[in-house]
Amino acid sequence: MTPEAGPIHRTFAPKELLGQLAAAGVERTVLVQAADTYADTDAMLAQADAHDFIAAVVGWVPLNRPDEAAEALERYGRHPRFAGVRHLIHDDPTPTG
């Protein structure tokens, strides 16, 4: 995400989210990746481990590299809160040929 995203271009800490969830009457939430990186997925799973109100994580694996994706899915699939994958195709280069 870049600064062009405006006010959502920042980190939302769990403490901040918890207050907003409570105000809205929401007990649990799902984190969805914002970057096509293992680091983003790993960070969200770490937050899920630390906070019971995070019910699940939708992370990222490199779908364009099937062997690596299979290995990542095997690894992430062992985490009880890993719920699925998302790939930011709008960030991929547009084919010109």
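## Close-up views of an α-β-α-β-α-β chain

Read along the sequence, the protein chain follows the pattern α-β-α-β-α-β. The model is predicted.

**View 1. The whole chain has three helices and three strands.** The protein chain holds 97 residues, and buried residues make up 29% of them. Its C-alpha trace spans about 50 × 35 × 20 Å along the principal axes. Take the contacts with a separation of 6 or more: 65% of them join residues 24 or more positions apart.

**View 2. Three strands form an open sheet with parallel pairing.** The order is E1-E2-E3. Strand E1 (29–32) and strand E3 (82–85) stand at the edges. Each has a single partner strand, so one side of each is left without a neighbour in the sheet. From one strand to the next, the twist averages 25°. Strands of a sheet pair through backbone hydrogen bonds, either parallel or antiparallel.

**View 3. Four bridges join E1 to strand E2.** Strand E2 covers residues 54–59, and the two strands run parallel. Follow the partners along E1. Thr29 stands opposite Ile54 in E2. Val30 has Ala56 in E2 as its bridge partner. Val32 stands opposite Val58 in E2.

**View 4. Along E1 the side chains alternate.** Which residues of E1 point to one face and are buried? They are Thr29 and Leu31. Val30 and Val32 point to the other face and are not buried. In a regular strand the side chains alternate between the two faces of the sheet.

**View 5. Strand E2 is largely enclosed by the rest of the structure.** Why is E2 largely enclosed? Five of its six residues are buried, so the rest of the structure largely encloses E2.

**View 6. Helix H2 lies across E1, E2 and E3.** This helix spans residues 38–50. Helix H2 runs at about 170° to E2.

**View 7. The largest nonpolar core has 13 residues.** Leu31, Leu45, Ile54, Val57, Val61 and Tyr76 touch the most other members. H2, E2 and helix H3 (66–76) are the elements that give two or more residues to this core. What does Leu45 touch, not counting residues up to four places away in sequence? Leu45 touches Val57, Tyr76, His79 and Phe82. In soluble globular proteins, nonpolar side chains tend to be buried together.

**View 8. The largest pocket holds about 690 Å³ of space.** Its lining is made of 21 residues. Of these, Arg10, Thr11, Phe12, Val32 and Ala34 lie nearest the centre of the pocket. Helix H1 (14–24), E1 and H2 are the elements that give two or more residues to the lining. Look again at Val32, which stands opposite Val58 in E2.

**View 9. Ala13 is found in the segment before H1.** Is Ala13 buried or partly exposed? Its relative accessibility is 35%, so Ala13 counts as partly exposed. The limits for that class are 20% and 50%. Now find Gln47. Ala13 and Gln47 are 34 residues apart in sequence. In space, they are 9.5 Å apart, C-alpha to C-alpha.

Definitions and conventions: Residues numbered from 1 in each chain as written. Predicted model: local features only at pLDDT ≥ 70, side-chain atom pairs only at ≥ 80, totals over all residues. Heavy atoms only, no water. Pairing = 2+ DSSP bridges. Axes fitted to C-alpha atoms, helices over the stretch in contact; angles between N-to-C directions. Contact = heavy atoms within 4.5 Å. Core = buried A, V, L, I, M, F, W, Y, C linked by side-chain atoms within 4.5 Å. Buried < 20%, exposed > 50% of the residue type's maximum accessible area, 1.4 Å probe, protein only. 1 Å grid on protein atoms, 1.4 Å probe; cavity = no way out; pocket = protein on both sides within 12 Å on 5 of 7 lines; lining within 4 Å. Points joined across faces, edges and corners; volume = space filled by probe spheres on them.
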